[in-house]
Amino acid sequence: MLLIQNGFCCEYEMNIFINIFFGKEDGIIKTDFFDKNGGIYAKTEIEYNGKNYFGEFSFPFDSGQESERKIKKFFGVCVVRSFIEAAQKIKKITLPWGVLSGIRPAKYVRELKEEGLGDAEIKKILTEIFGVSEEKYKLCKKVAENEEKILENVKNDSVSIYIGIPFCPSRCLYCSFVSTDVKISGKYMDEFCDLLAREIEKTGEILKDLSLSVQNIYIGGGTPTTLSENQLKKILNAINTNIDTKTVQEFTAEAGRPDTITEGKLDVLKDFGVNRISINPQTLNQKTLDLIGRKHSTDDFYRAFSLAKDAGFSVINTDLIAGLPDETFEMFKKSIDKVTELDPENITVHSMCIKRASALNFSKMQLSNAETVEKMLSYTEKVMEKCGKEPYYMYRQKNISGNLENVGYSKKEHFSKYNINIMEEVQTIIGLGGGGVSKIVKGDRIERIANFKEPYEYIKRFDEILLKKEEIKSLIKS
Ligand code: SF4
């Protein structure tokens, strides 16, 4: 599509929605924007398959009173909504999130609250200006309220720690995480763990020097339980030796792939203080598991879940994905119903997301359409409500199915503080290990420093990893 913009240019935002409606199809889009008399107005004309389609949008807005950031945001919203109005005359695509394209919708609600707006005004902005549906607005509001209570208790002199273990027993077809198949990278595991222990030691020194306490520790990846019992022990021992864990409220380890979980590894995690664990079936349809290359069975999931219960983990999270290839609504319903029967403390439902790097992009599998995924998510909300679990954190990604969302549900007492803190960017997170990203929060500003992702690079350039830690120290101090 050729895009021509007059009056105000918002190519980046437009391209997100042009892609949703037209992908790589041909046509011409012309937008015009006007700012006068305390209101803004935009119109769009789309030339498509020999016909012309029109859309317009306007709302009151006094740009003389607003910050540059807000002006850009609202001008862009006006233009994009006029485009959507025209595009919807060509294609019947609904956008439950309207033009709200950020990855943290609940954070936006909180920001509006902090500006002093009340519920009615916030609702008006989201539903009338951004075009968010009533259902998504309610979800967003609920998440923002639940987050608020957790965020109130984040101390200024506290941080959380993320440790990335970039290994998995095999690579799932849709994977977009930092992970390598152990058949290729297994030879680096021992050295990686030795160096990670040194990085933990260095981090412990920095935390002491800066008198910072640790609120949460999160070991993710990849799949941390791909490591052997001894390798896990080495890392957990380094944490317990070098970091003061007395202040740690949540100590989480992802054990995502059920085929990596053994009684011995669970005991090691438990013995070293891990108090939350994630076991992720993604789906309870064996045919789908085979199709997406998970290389484990549904029985593996049940076995791992019961082992974790027996080991005494009081908080277990399970992840499911809505919109997996060839899955119908009924298949998803079966997965969510069966997982709910097990009553894990947390259930996180992701919408299928295809990133360019994942192999699924190149396959011919049938993905669910946006309406079906939306039906799956609505069903999830109802089931969760019935079993007393509330949505407490949420994020959206680019390329996510139907432009929808990922939501974590839990009973109030089990909300994951780490998930909320990282999503809302109110606490400094120190990232270690493969692909660990440190986010240093300085008021409204966030500085990011990333570790190398590949185990080989992490090992080869470990001196730089230590230098990055020094950089983090200076940034926190500044
Ligand atoms: S288990 Fe998760 S991190 Fe590992 S390959 Fe599969 S999707 Fe990627």
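**Exercise 1. Determine what distance separates the centres of domain 1 and domain 3.**

Solution. Begin with the division of the protein chain into domain 1 (1–93), domain 2 (94–145) and domain 3 (153–473), whose bounds come from an automatic or database domain assignment. Then take the centres of domain 1 and domain 3 over C-alpha atoms, which gives a separation of 37 Å. The model is a predicted one, in which local features need pLDDT of at least 70 and side-chain atom pairs count only at pLDDT 80 or more, whereas totals for chains, interfaces and linings use all residues. Residues are numbered from 1 along each chain as its sequence is written.

**Exercise 2. Establish whether strand β9 is enclosed or open, and describe how its side chains are directed.**

Solution. Strands are DSSP runs of E with at least two residues, helices are runs of H or I with at least four, and both are numbered from the N terminus. A residue is called buried if 20 or more other C-beta atoms, placed from the backbone, lie within 10 Å of its own, exposed if 12 or fewer do, and partly exposed in between. In β9 (residues 250–254), five of the five residues are buried, so the strand is largely enclosed by the rest of the structure. The next step is direction: E250, T252 and E254 point one way, while F251 and A253 point the other way.

**Exercise 3. Identify the strands that pair with β9 and the units that they form with the intervening helices.**

Solution. Two strands pair if DSSP finds at least two bridges between them. On this basis β8 (residues 213–221) pairs with β9 in the parallel sense over four bridges, and T252 of β9 is the bridge partner of Y218. Strand β10 (residues 276–278) also pairs with β9 in the parallel sense, over three bridges, and here A253 stands opposite I277. Finally, trace the connections: β8, helix α8 (residues 229–242) and β9 make a right-handed β-α-β unit, as do β9, helix α9 (residues 263–271) and β10, where right-handed denotes a clockwise path from the first strand over the helix to the second when the strands point away from the viewer.

**Exercise 4. Locate P344 and characterise its surroundings.**

Solution. P344 lies in the loop between α12 (329–342) and β12 (346–351), and it counts as buried because it has 23 C-beta neighbours inside 10 Å. Taking contact as C-beta atoms, placed from the backbone, within 7 Å, and leaving aside residues up to four places away in sequence, P344 touches I316, N317, T318 and V339.

Methods:
Two residues are in contact if their C-beta atoms, placed from the backbone, lie within 7 Å.
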